[in-house]
Amino acid sequence: QVQLVESGGGLVQVGGSLRLSCVASQSIARFNAISWYRQAPGKQREMVALIASSGMTNYADSVKGRFTISRDNAENTVYLQMNSLKPEDTAVYYCNAKIPVAWVENDYWGQGTQVTVSS
């Protein structure tokens, strides 16, 4: 069983920055991909950023140019640097890992960290 623990959320003013961390209990080098999702009250969970095992990244249009996903394999940690934050970025942010097990790809989720952007 893989554990994912997010941290780094908090309250920030519009235009501010936060860096979220997701620490995995196993080596992230074998994960197919790690993503950050977010869910605002009354809305569906949406993918924010993804980093594949190849290093390829992908971002939601709403965060392109403001958010950066990166990883440190030695620390089994994935980061989400969030700059120029907007009120609409307010949400619970979740870390997701897609991990191959035999012929199946399993999804694992962290418990989430709250990000609140005040105007």
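## Threonine 113 in strand E11

Contact here means heavy atoms within 4.5 Å. In this predicted model, and leaving aside neighbours within four places in sequence, threonine 113 is in contact with Glu6, Ser7, Gly8, Gly9, Leu20, Ala91, Val92 and Tyr93. Threonine 113 lies in strand E11, and because the cut-off for a buried residue is under 20% relative accessible area, its value of 10% places threonine 113 among the buried residues. One link from this position can be given at the level of atoms, since the side chain of threonine 113 reaches the backbone nitrogen of glycine 9 at a distance of 3.2 Å.

## The disulfide

A disulfide is a covalent bond between the sulfur atoms of two cysteines. The structure holds one disulfide, formed by cysteine 22 and cysteine 95, whose sulfur atoms are 2.1 Å apart. The link between cysteine 22 and cysteine 95 is left-handed, with -80° about the S-S bond. Cysteine 22 belongs to strand E3 (residues 18-24) and cysteine 95 to strand E9 (residues 91-101), so the pair ties together parts that are 73 residues apart in sequence.

Are the two cysteines buried or exposed? Cysteine 22 counts as buried at 3% relative accessibility, and cysteine 95 likewise counts as buried, at 0%.

## The four-stranded sheet

Strand E3, which carries cysteine 22, is also part of an open sheet of four strands, in the order E1-E3-E8-E7 and with antiparallel pairing. The edge strands are E1 (4-7) and E7, each of which pairs on one side only. Neighbouring strands of this sheet are turned by 15° against each other on average, with direction ignored.

At one edge, E1 and E3 run antiparallel and are joined by four bridges, and here leucine 4 stands opposite alanine 24 in E3. At the other edge, strand E7 (residues 67-72) and strand E8 (residues 77-82) pair in the antiparallel sense over six bridges, with threonine 68 having glutamine 81 in E8 as its bridge partner. The hairpin of E7 and E8 has four residues between the strands, and in it asparagine 76 takes a positive phi near 50°.

## The nonpolar core

Which residues of the largest nonpolar core touch the most other members? Of its 32 residues, these are Trp36, Leu80, Met82 and Tyr93. Strands E3, E4 (33-39), E5 (46-52), E7, E8, E9 and E11 (113-118) each supply at least two residues of this core, and E9 gives the most, with five residues.

Methionine 82 shows what surrounds one of these core members: leaving aside neighbours within four places in sequence, methionine 82 is in contact with Gly16, Ser17, Leu18, Leu20, Arg66, Phe67, Tyr93 and Val115.

## Arginine 38, a buried charged side chain

Arginine 38 has its place in strand E4 and, with a relative accessible area of 6%, is buried. Its side chain makes a polar contact of 2.7 Å with the side chain of glutamate 46, and another, of 2.9 Å, with the side chain of aspartate 89.

Leaving aside neighbours within four places in sequence, arginine 38 is in contact with a set of residues including Gln44, Arg45, Val48, Ser62, Val63, Phe67, Glu88, Ala91, Val92 and Tyr93. Arginine 38 and glutamine 114 are 76 residues apart in sequence, while their C-alpha atoms are 9.3 Å apart in space.

Terms used. Residues are numbered from 1 along each chain as its sequence is written. This is a predicted model: local features need pLDDT of at least 70, side-chain atom pairs count only at pLDDT 80 or more; totals for chains, interfaces and linings use all residues. Side-chain values use heavy atoms; hydrogens and water are left out. Two strands pair if DSSP finds at least two bridges between them. A disulfide is a pair of cysteine sulfur atoms within 2.5 Å. Buried means under 20% relative accessible area, exposed over 50%, partly exposed in between (1.4 Å probe, protein chains only). Axes are lines fitted to C-alpha atoms, for helices over the stretch in contact, and angles run from 0 to 180 degrees between N-to-C directions. A nonpolar core is a set of buried Ala, Val, Leu, Ile, Met, Phe, Trp, Tyr and Cys residues joined through side-chain atoms within 4.5 Å. A polar contact is a pair of N or O atoms within 3.5 Å; within protein, one must be able to donate a hydrogen and the other to accept it, and residues adjacent in sequence count only if both atoms are side-chain atoms.
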